[in-house]
Amino acid sequence: MGKTIRFGVSLDSDLLEKFDSLCRERSYQTRSEAIRDLIRNTLVQKEWEDASGELAGTLTLVYDHHQSGLAQRLTEIQHDHHDAIQTTLHIHLDHHNCLEVIVLKGEAEQIKKLGQKLISTKGVKHGNLSLTTTGRDLI
């Protein structure tokens, strides 16, 4: 195990309040313990995402459809990658927020790049790519 390094993090006060509430709910003794777990989980997910070959997955996006031009940008990206998109589901969560679920299938690199491109589109509030097997090689 390496040497412990201290560093600072700047957060919006509302976000920190929610994080502290989560820490209490999950019985973390310190913020540091919770942050270490979040970092580990992200590293494990990254390792899993480094898979190759054909795979399937779901991409979940939450965004404010009133954000100028965002819905159009997301649609254009999806049209540019129509071969990987099996289907989409669009749900109006409330007057402002939409949830979009996109089912993907294709080469791992293509799926991962498409997922990251959509998640990182300016205005997307949250995105999550969940990868899985196509089942073809499973007994």
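Ser27 is exposed, with a relative accessible area of 54%. This is a predicted model. Ser27 sits in the loop between α1 (13–25) and α2 (31–49). The points below move from that loop to a buried glutamate, the nonpolar core, a buried glycine and a strand pair.

**Loop residue Ser27**
- Ser27 is not a glycine, yet its phi is positive, at about 65 degrees.
- Most residues other than glycine have a negative phi.
- Ser27 counts as exposed because its relative accessible area of 54% passes the cut-off of over 50%.

**Buried charge at Glu100**
- Glu100 belongs to strand β3, which spans residues 97–107.
- Glu100 is buried but forms no salt bridge.
- Arg73 is the nearest side chain of opposite charge, and it is 13 Å away from Glu100.
- That distance rules out a salt bridge between Glu100 and Arg73, because such a bridge needs a nitrogen within 4 Å of a carboxyl oxygen.
- What joins the side chains of Glu100 and His90? A polar contact of 2.8 Å does.
- A second polar contact, of 3.0 Å, links the side chains of Glu100 and Tyr63.
- Beyond four places in sequence, Glu100 is in contact with Leu59, Thr60, Leu61, Tyr63, Gln78, Leu89 and His90.

**Nonpolar core**
- The largest nonpolar core has 19 residues.
- Which of them touch the most other members? They are Leu61, Leu104 and Leu118.
- Two or more core residues come from each of β1 (54–64), α3 (70–80), β3, α4 (108–119) and β4 (124–132).
- Leu118 touches Leu59, Leu61, Leu74, Ile77, Gln78, Ile102 and Val124, leaving out residues up to four places away in sequence.
- Leu61 is in contact with Leu118, and Leu61 is also in contact with Glu100.

**Gly115 in helix α4**
- Gly115 is placed in helix α4.
- Is Gly115 buried or exposed? Gly115 is buried, because its relative accessibility is 0% and the cut-off is under 20%.
- Outside its neighbours within four places in sequence, Gly115 contacts Leu59 and Leu129.
- Leu59 is also in contact with Leu118 and with Glu100.
- Gly115 and Tyr63 are 52 residues apart in sequence. Their C-alpha atoms are 15 Å apart in space.

**Strand pair β2 and β3**
- Strand β2 covers residues 85–92 and runs antiparallel to β3.
- How many bridges join β2 to β3? There are seven.
- A hairpin of four residues connects β2 to β3.
- Ile85 has Leu104 as its bridge partner in β3.
- Leu104 is also one of the core residues that touch the most other members.

Technical notes: Residues are numbered from 1 along each chain as its sequence is written. This is a predicted model: local features need pLDDT of at least 70, side-chain atom pairs count only at pLDDT 80 or more; totals for chains, interfaces and linings use all residues. Side-chain values use heavy atoms; hydrogens and water are left out. Buried means under 20% relative accessible area, exposed over 50%, partly exposed in between (1.4 Å probe, protein chains only). Lys and Arg count as positive and Asp and Glu as negative; His and the chain ends are not counted. A polar contact is a pair of N or O atoms within 3.5 Å; within protein, one must be able to donate a hydrogen and the other to accept it, and residues adjacent in sequence count only if both atoms are side-chain atoms. Contact means heavy atoms within 4.5 Å. A nonpolar core is a set of buried Ala, Val, Leu, Ile, Met, Phe, Trp, Tyr and Cys residues joined through side-chain atoms within 4.5 Å. Two strands pair if DSSP finds at least two bridges between them.
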